[in-house]
Amino acid sequence: MPRVLLVEDEPGLVMTLTDRLAAEGYDVVSATDGDTGLQRACSEVFDVVLLDGMLPGRDGFDVCRTLRQRNVVTPILMLTARGQVVDRVVGLKLGADDYLVKPFEMTELLARVEALLRRVPPVPAQAEAYQFGDVHIDFRKAEVRRLGQLIDVSAREFKLLKYFIEHRGATLSRDELLNQVWGYHAMPSTRTVDVHIAWLRQKLELNPRRPEHIHTIHGLGYKFSG
Ligand code: CA
């Protein structure tokens, strides 16, 4: 169930949006001022943030900028008042992913939210760390920890895992993985890929037989989610 943080101070809109999003299968949490919204967005995991521009206390644009400064990458859909053209531009420059002008059709809002959920946020090129499930990866030290315990991964496994993370959500063929992780001039068979993936699953998945992160896409290859 995708989690939505709704930061909005108009009680009628909070109620309407909460009801409709809940009916569509979303878990909705709301905050009615900027500081509370910021605090929740920083301390909990959400799939998308719906952020009103004008809020009591800290306004939505400030919340947006602060979230990005704190490296919170959750997709943000700004809700702005009609005619706030400047605000729209500013909103996107501050790191919002999309905006919607009030009043908006509910179907339009749902479509935008779905689009944001489908979009895989890019891992910043200079990302120093990445976390999924119990696993924490430090790219600079080339270290992988699971539940705090250092996991022994080979350089090739680390490269494979990094490639998966950088392309999470995409189906990757064995040929692509061979070319990108082993190199075009390497001559291992695609079976080599399967073997390395089996090793990674053994090390990182709770149940390697039922992987939750490195999925087999039959006939096509593999897909990472996390
Ligand atoms: Ca408002």
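Helices α2 and α3 are roughly parallel to each other, because angles under 35 degrees count as roughly parallel and theirs is about 25°. This is a predicted model, and that helix pair is a good place to enter it.

Start with the pair itself. Helix α2 covers residues 34-43. Helix α3 covers residues 60-69. Their axes lie 10 Å apart. The crossing of α2 past α3 is right-handed. On the α2 side, the contact is made by Gly34, Leu38, Ala41 and Cys42. On the α3 side, Val63, Thr66 and Leu67 take part. In general, two packed helices are described by the angle between their axes and the distance between those axes.

Now step back to the whole chain. It has 226 residues, and 41% of them are buried. The chain contains 8 helices and 12 strands. Its C-alpha atoms fill a box of roughly 60 × 35 × 30 Å along the principal axes. Look next at the contacts with a separation of 6 or more. Residues 24 or more positions apart account for 54% of them.

Next comes the sheet. In what order do its 5 strands stand? The order is β2-β1-β3-β4-β5, in an open sheet with parallel pairing. Strands β2 (27-31) and β5 (98-101) stand at the edges. Each has a single partner strand, so one side of each is left without a neighbour in the sheet. From one strand to the next, the twist averages 20°. Strands of a sheet pair through backbone hydrogen bonds, either parallel or antiparallel.

Take one pairing in detail. Strand β1 spans residues 3-7, and strand β3 spans residues 48-52. The two pair in the parallel sense over 4 bridges. Here Val4 stands opposite Val48 of β3.

Helices also meet this sheet. Helix α5 (residues 106-118) packs on the sheet and touches β3, β4 and β5. The direction of α5 makes about 155° with that of β4. Helix α3, met earlier, lies across β3 and β4 (76-80). The angle between α3 and β4 is about 165°.

Go to the edge strand β2 and find Val29 there. Is Val29 buried or exposed? Val29 counts as buried, because its relative accessibility is 10% and the cut-off for buried is under 20%. Which residues does Val29 touch, leaving out those up to four places away in sequence? They are Arg3, Val4, Leu5, Leu6, Arg40 and Phe46. Phe46 is 17 residues from Val29 along the chain, and their C-alpha atoms are separated by 9.2 Å.

Finish at the calcium ion. Which protein donors does the calcium ion have? They are Asp9 (OD), Asp52 (OD) and Met54 (O), at 2.1 to 2.3 Å from the ion. Along the chain, the donors follow the spacing D-x42-D-x1-M. Asp9 and Asp52 link distant parts of the chain, 43 residues apart. Asp9 sits in the loop between β1 and α1 (11-23), while Asp52 belongs to strand β3. The two aspartates can also be compared by accessibility. Asp52 is buried, with a relative accessible area of 5%. Asp9 counts as partly exposed, at 30% relative accessibility. Strand β3 thus joins two parts of the tour: Asp52 lies in β3, and β3 pairs with β1 in the sheet.

Note on methods: Residues numbered from 1 in each chain as written. Predicted model: local features only at pLDDT ≥ 70, side-chain atom pairs only at ≥ 80, totals over all residues. Heavy atoms only, no water. Pairing = 2+ DSSP bridges. Axes fitted to C-alpha atoms, helices over the stretch in contact; angles between N-to-C directions. Contact = heavy atoms within 4.5 Å. Donors = N, O, S within 2.8 Å, 3.2 Å for Na, K, Ca; no water. Buried < 20%, exposed > 50% of the residue type's maximum accessible area, 1.4 Å probe, protein only. Parallel < 35°, antiparallel > 145°, perpendicular 65-115°, else oblique. Left-handed = near helix turned anticlockwise from the far one by under 90°.
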